[in-house]
Amino acid sequence: MSVHAHVFKGLEGVYVIDSAICLIDTEKGALYYAGYDVRELVEKSSFEEVAFLLLHQRLPTKSELEEFTSRLRASLNLESKHIETLRKHADNKDTLTMLAMLMVLEGGGKKGGDPGDLEAAINAIAKMGSFFSTIIRIRSGGDYVPPRKDLSFAENILYMMNGGEYRREYVEILDDLLILHAEHGVPASTFASLVTASTLSDLYSSIAAGILTLKGPLHGGASEASYAQALRIGSAERVPQWVESMLAEKKKIMGFGHRVYKIYDPRATVVKELIAKHAATMDSEAKKLYEITQALEDYGQKVLAPRGIYPNIDLWTPILYRMIGVPPDSFTAFFAVSRIAGWAAHILEYWRDNKLIRPLHLYVGEQPRKYLPLELREGS
Ligand code: SDX
């Protein structure tokens, strides 16, 4: 055993791939997709164009964007096999498990390893959107509503989720949230997708690995945990005492902290600007949630910022999700609807020069020893 062996717990600080897909500038507090500032993409682009950008690491021409958009929209359509499976499992409240199951079924038997498999990538991205919106639709007692040819991806998600109608002012919020969550380097979920893809398993199974990894409250599950946290706190006045008691018990504040950002998450800034822009559509619950979240941010930063622990995107997104009607048990599932673009982009990029991901472990157990028959063991 090499005496120089060192375990990097949680792979903290370890570079596992080189990639041209995203840059997280932790000094400036900025995020770039293939060189484009995510703030500018939120302002000027669309989820369809950002998905193309992530998959190709360049912006599309006009005709490429039209072709990509129509392929994506065509793949939104669900077949009866999908709808029967959705209906059969409608009472399963774990939306991410449903999405992972449907994704694996969608890819049944396909082969992995083709870096040019755009067909699968586009189909997976679209199906994640229609599975998500149809699960919510069926859960609310409705039935599948097919997408419309004249609607954008974001419009169709709302349209299919709400049984054939949607509020126009929610489209911008949803499209901006889709752009903001689309890609973030190699967080646990993307790494899980890459580990699976590196074995040449198929793209859909690799995506399913990402979905099930995103679920945890230390990762994408934090948005749902942060919402439940705000409801538990109950009022802005209770925040200081609540934060102090959590820290005294060494518990984590959901929506705070990040493995990469040791500053304020730039995406949270954009989410807050979106909330401010659409404040007029906030109902009383959203307003109360806002007050609690702002108090939590103010007090939380006071006590945690000196340790490099700042608010992250998941502290603020629950307010926007509630505003556009995403049910609280599906906030993280919405994250997956967006992040599948990043997962697919990383999988195809990695397959260009695939290498099985198989790290080592530092053995700290017993030295080799002889087997002891049962009757000779202590206490026998
Ligand atoms: C996402 O990686 C990505 O890019 C992910 C993501 C993406 O887009 O894919 O950005 C999305 O997952 C955002 C993060 C959402 N998760 C949460 O909000 C959950 C709460 N956050 C923490 O669990 C934590 O901050 C992590 C998991 C996000 C990061 O933790 P690390 O890097 O593993 O650090 P750690 O848990 O070892 O903490 C170091 C210290 C500890 O104290 P000590 O033991 O040294 O005394 O900081 C403390 C921790 O207790 N700490 C916190 C805290 N986060 C860290 N203390 C209180 N509340 C917190 N939120």
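I began with the shell around the ligand and sorted its residues by type: 10 are nonpolar, six polar and eight charged. I note here that this is a predicted model.

I then counted the residues that surround the ligand and got 24. I listed the closest of these as His 184, His 258, Arg 259, Arg 267 and Arg 339.

Next I looked up individual polar contacts to oxygen atoms of the ligand. At Gly 255 I found a polar backbone atom 2.9 Å from an oxygen atom of the ligand. For Asn 312 the partner is a polar side-chain atom, and I recorded 3.0 Å to a ligand oxygen. Arg 307 also places a polar side-chain atom by an oxygen of the ligand, at 3.2 Å. I followed this with the cover: on its own the ligand has 1,100 Å² of accessible area, and the protein covers 75% of that.

I checked where the ligand is placed and found that it sits in the largest pocket.

I turned to the domains. I have the protein divided into domain 1, residues 17-213 + 328-351, and domain 2, residues 222-323. I asked which of them supply the shell around the ligand. Both do, with at least three residues drawn from each of domain 1 and domain 2.

Last, I looked at how the two domains are placed relative to each other. I put their centres, taken over C-alpha atoms, 25 Å apart. Across the boundary I logged 28 residues of domain 1 in contact with 25 residues of domain 2.

How values were computed:
Residues numbered from 1 in each chain as written. Predicted model: local features only at pLDDT ≥ 70, side-chain atom pairs only at ≥ 80, totals over all residues. Heavy atoms only, no water. Near = heavy atom within 4 Å. Polar contact = N/O pair within 3.5 Å; in protein donor to acceptor, adjacent residues only side chain to side chain. Areas by Shrake-Rupley, 256 points an atom, 1.4 Å probe, with all protein chains shown as cover. 1 Å grid on protein atoms, 1.4 Å probe; cavity = no way out; pocket = protein on both sides within 12 Å on 5 of 7 lines; lining within 4 Å. Sits in = over half its atoms within 2 Å of the grid points. Nonpolar A, V, L, I, M, F, W, Y, C, P; charged D, E, K, R; others polar. Domains from an automatic or database assignment. Contact = heavy atoms within 4.5 Å.
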